[in-house]
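User: Could you take a close look at the aromatic ring pairs in this protein for me? I would like to know how the rings sit against each other and which parts of the chain they bring together.

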Amino acid sequence: MKFFLDTADLSEIEQGLAWGMVDGITTNPTLIARQGKPYLPTVRAIAQLVPGPVSGEVLATDSEGMLDEAHRLADLAPNMVIKIPLTIAGLSVVGKLTEEGIKTNVTLCFSSAQALLAAKAGASYISPFVGRLDDIGEEGMGLIANIVQIYDNYDFSTEVLVASIRHPMHVVESALLGAHVATLPLKVLKKLYRHPLTDIGLENFLADWRKTGKSFSD
Ligand code: G3P
């Protein structure tokens, strides 16, 4: 399973890369706005920092505008993936970009029907938002199970990129279901490492050795 970081914060990205666990990045307009920096230069800086795929989202909502912005994003770096909203206009643009060999990530997916359409349009990734479904009392992980099953039934090559992840169990359940990618905030990635028994175990190992009064090389 691939891990992407869901952030536009360069220091978070550097941290994640240093841990050796980050395969790519997803951004969205909210995350970029949070940085208080210009849009395209921020996406370019991320794409230059990260060797793996970097999703940058279009801001236009009409097909012509989306196509133009998609080309401008794709020109930023060879690892760019173009994030397109799941609308009629959006999926028509996905079809065109796919024909041109440009990778796409269809975002704001909240239903199996939408995911089926995105795969038929040729999307490279589909981004179902599990946390936002949970927030309104629906089962985010149930959607992931359905999409994985549907894509498997028809051998679609679209990768399931689980988004809007809020906690470690979203990641574990996505992995159990066979989702290809989880995009997560740095704080969730950090939580994946943690277990109290690891901390206690390490503390005890070191305390026991200290009691011998000997050093590492004695
Ligand atoms: O990038 C899309 C998605 O991961 C956003 O998550 O936390 O705003 O629902 P969230």
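Analyst: Happy to help; here is a walk through the aromatic pairs, with a little background on the protein to begin. This is a predicted model, and its secondary structure consists of eleven helices and eight strands. Of the 218 residues, 44% count as buried. Among contacts with a separation of 6 or more, 56% are between residues 24 or more positions apart.

Now to the rings: the structure holds five aromatic pairs. One of them joins Phe4 and Tyr125, whose ring centres are 6.0 Å apart; the planes meet at 70°, over the 60 degrees required, so this pair is edge-to-face. Phe4 belongs to strand 1 (residues 2-6) and Tyr125 to strand 6 (residues 125-128), so to speak a link between distant parts of the chain, 121 residues apart. Both Phe4 and Tyr125 are buried.

Trp19 and Tyr193 also make an edge-to-face pair, with 5.7 Å from centre to centre and 75° between the planes. Here too distant parts of the chain are linked: Trp19 lies in the loop between helix 1 (10-18) and strand 2 (24-26), while Tyr193 is in helix 10 (residues 186-193), 174 residues away. Trp19 has a relative accessible area of 28%, so it is partly exposed. Tyr193, with 42%, is partly exposed as well.

Finally, there is a cluster to look at: Tyr151, Tyr154 and Phe156 are linked by ring pairs.

How values were computed:
Residues numbered from 1 in each chain as written. Predicted model: local features only at pLDDT ≥ 70, side-chain atom pairs only at ≥ 80, totals over all residues. Heavy atoms only, no water. Helix = DSSP H or I, 4+ residues; strand = E, 2+ residues; numbered from the N terminus. Buried < 20%, exposed > 50% of the residue type's maximum accessible area, 1.4 Å probe, protein only. Contact = heavy atoms within 4.5 Å. Phe/Tyr/Trp six-rings, centres within 6.5 Å; stacked < 30°, edge-to-face > 60°.
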